[in-house]
Amino acid sequence: MEIKYVRQRTAKRIIAAVGTVTACLATVIAIVSILAQRPGAFVVSLDNKGAKLSLCESVNSDKQITYMNAGEVSPFVEYENDLIDQYTSDILDAETFDYKANASTAHGSTKFFQCCFYVKNVGNINAGYNLSLNFTNVTRSVTDGYELDSVLRVRFYENKVVSDGEQTHNYKTYAKVSGRNWHIDEEGNKSFNEQISKEGSGWAEPFASQYVVLNSKITNLAPEEMYRYTFIVWIEGNDPECIGEAPLESKLNLGVSISSYEAKEE
């Protein structure tokens, strides 16, 4: 996903061109550069080596695919967590949610981006895999304004699909640690973790590192089992740093990477 600001005459707007989401089943992560050159293409690609996984667009799909394209993304506007929560998680965390129909302004701008897909073990051995969301490219602002990554929010749903019973919709929200604000956490330690949104909204998980938003690991996925993944990305207007001059010529590229391996017997 590529997110950048462009300056308009009347207001600042965020242009989001969704670039690369890459899933590679090798120890060395590879980015599909050809697909990444397509502006607005949110691509999930998969290269099977060892344990055999498949990407699925729907829970009942028998089609084994190695890449997905979520299509074009229109310019972003600043939004906030509470407004996203007008939709319950069973609606947001689903393949049927149409963010273009439900998360667009009257002028066609994007309030938040949503992408849902499944990872399924289509092989005959148990599989494990590592998943990460990474900044694949960061272009800093040429002005003294705030940076895009400082006001970015990512909600990450990761839930195992069950054949019977109620589906879960567990998630965490991630944000870059604050460069100026701190608080005392529940354990009495000084913390620079950001609030998800406004006061009382809860604390976001910190980005894993400068260029990694989050990491996740599934240790044992049996044949025919699958996980559902949903990413929701927005610019949090209530972030204390989302003030002042908009970043100029700033750009972020986000990419999901998955690497699999044969699960060891326990």
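Here are three short exercises on this predicted model, each with a worked solution.

Ground rules: residues count from 1 along each chain as its sequence is written, and side-chain values use heavy atoms, leaving out hydrogens and water. Local features need pLDDT of at least 70 and side-chain atom pairs pLDDT 80 or more, while totals for chains, interfaces and linings use all residues.

**Exercise 1.** Work out how many disulfides there are.

*Solution.* Start with the rule: a disulfide is a pair of cysteine sulfur atoms within 2.5 Å. Now try Cys115: its closest cysteine sulfur, in Cys116, sits 7.3 Å away, too far for a bond. Going the other way, the sulfur closest to that of Cys116 is in Cys115, again at 7.3 Å. The final count is zero. As for burial (under 20% relative accessible area; exposed is over 50%, partly exposed in between; 1.4 Å probe, protein chains only), Cys115 is buried at 7% and Cys116 is buried at 10%.

**Exercise 2.** Find the edge strands of the six-strand open sheet.

*Solution.* Strands are DSSP E runs of at least two residues, numbered from the N terminus, and two of them pair if DSSP finds at least two bridges between them. Write down the order: S5-S7-S15-S9-S10-S13, with mixed pairing. The edges are S5 (53-56) and S13 (205-206), each pairing on one side only. Now zoom in on S5: four bridges join it to S7 (residues 113-121), running antiparallel. Cys56 stands opposite Tyr118 in S7.

**Exercise 3.** Describe the backbone and setting of Glu224.

*Solution.* First, phi: about 75°, so positive, although Glu224 isn't a glycine. Next, place Glu224 in the loop between S14 (212-221) and S15 (226-235). Last, accessibility: at 53%, Glu224 counts as exposed.
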